[in-house]
Amino acid sequence: MSKSRRNVRFQRRANGERRPSVSSDVSDGASEHSSPTKASAESHPATITEEKPPQSDYEKKKQTFITRTIWTFVMIAGFFVALFSGHIYIIGLVTAIQIVSFKEVIAIANVPSKEKNLRFTKSLNWYFLATTMYFLYGESVIYYFKHILLVDKVLLPLATHHRFISFTLYVMGFVFFVGSLKKGHYRFQFTQFAWTHMALYLIVVQAHFVMNNIFEGMIWFFLPASLVITNDIFAYVCGITFGRTQLIQLSPKKTVEGFLGAWICTIIFGYFMTNLLMQSKYFICPVNDLGANILTGLECVPNPVFVPQPWSLAALGVDKTIHIAPMQFHILAFATFASLIAPFGGFFASGLKRTFKIKDFGESIPGHGGITDRMDCQFIMGFFAYMYYHSFVAVYKASVGDIIETVINGLTVDEQLDVVRGLSKYLYNQGAVSETVLDCLATELKRR
């Protein structure tokens, strides 16, 4: 048997390997001469950069909370600046929100590796968005500003043929989509086509009704939006205070107690907020001047829904009459929908995110996720506000735009001139125009 070497010991390297180390001067000297690089490294020790220790869960939550709080105040400030600056700024804000939301929703179903082989997939998505917005915005502008569009020589053809133009634009996109179908990618392309149209319906179409609410009066936009935000806040507060029973599996933190408690709080908030908003004509008047703001205000005859009416309490055994605006009763319906139905828009969004295994729709808002994460309940609430307003609140009467539209589309030129003659005589008899104006108008009409 060979004699074992007692002077040999083994050391472990950083990577877990063992190397022999002989404790003799000869071995050490040989090692030094055979490794000039090592000697150089020992004479000039390397500078070791000290790595920062990873953040704890507490630090991460703290940083997220700070970021979320800062951006919450930024969003609130930006919203109120746009709200008080005028209707055109709120319209711009809603437009930006729907575009970003559309981008976030279609992005979650995107497959980059397949999109590289299909050049026009993303372009078609944006084309269908532009076509849909052209149709919907055009409908709103024509409806609310027909008295301006129908008397303009250039805009008249666009207004009278708006729907056919919109249909033609959509069909062009449809034909291009069918022509771009590529073998081996049919499933992906049709999935994108269906997904794009779903996003158009759930986001762009509903945002269109929110836009119409702005034209009908700022209160029909601001009040529904504030009810949803209030309900969300009180659902959280009541949930962590009284919550015991889980409401729905899609959102495990939602509780029945928080759901019902938020309903009561939202009704109370809606009552006082409605009282406040009804004091300002800037909020209750329909848009008749896009340049108006909170300082200039608007002038109109208020809708009867905002005018206090006498209500007798004799049916309750009380000999007393109180004055309440009908809007105070309507706000019960708005608050109930915002509390019991609108949250299901958020549950729908939660289910969609779980399907694609994502936490947020995007990162548009630091600390909050995407725009869609904040707007998931607002779109359906705005849609409800539009339908409710036109079903139970709106006062339908002939407008200048309606009369002009009827005259232009339903009468011949000679009949239109007869209308002008008749109106001029009526205005003269009412003292609205002078005899000179009547004579000048009659002279010009005789030349026809």
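Buried means under 20% relative accessible area, exposed means over 50%, and partly exposed lies in between, with a 1.4 Å probe and protein chains only as cover. This is a predicted model, in which local features need pLDDT of at least 70 and side-chain atom pairs count only at pLDDT 80 or more, while totals for chains, interfaces and linings use all residues. Residues are numbered from 1 along each chain as its sequence is written, and side-chain values use heavy atoms, with hydrogens and water left out.

**Exercise 1.** Describe the backbone and surroundings of K357.

*Solution.* Begin with the backbone: K357 has a positive phi of about 55°, although it is not a glycine. For comparison, most residues other than glycine have a negative phi. Next, place the residue: K357 lies in the loop between α14 (343-356) and α15 (371-375), where helices are DSSP runs of H or I with at least four residues, numbered from the N terminus. Finally, K357 has a relative accessible area of 79%, and therefore counts as exposed.

**Exercise 2.** Find which residue forms a salt bridge with D373, and state whether the two are buried or exposed.

*Solution.* A salt bridge is a side-chain nitrogen of Lys or Arg within 4 Å of a carboxyl oxygen of Asp or Glu. The side chain of D373 meets that of K353 at 2.8 Å, N to O. Because D373 belongs to helix α15 and K353 to helix α14, the pair ties together parts that are 20 residues apart in sequence. Both D373 and K353 are buried.

Notes:
Helices (H or I, at least four residues) and strands (E, at least two) are DSSP runs, numbered from the N terminus.
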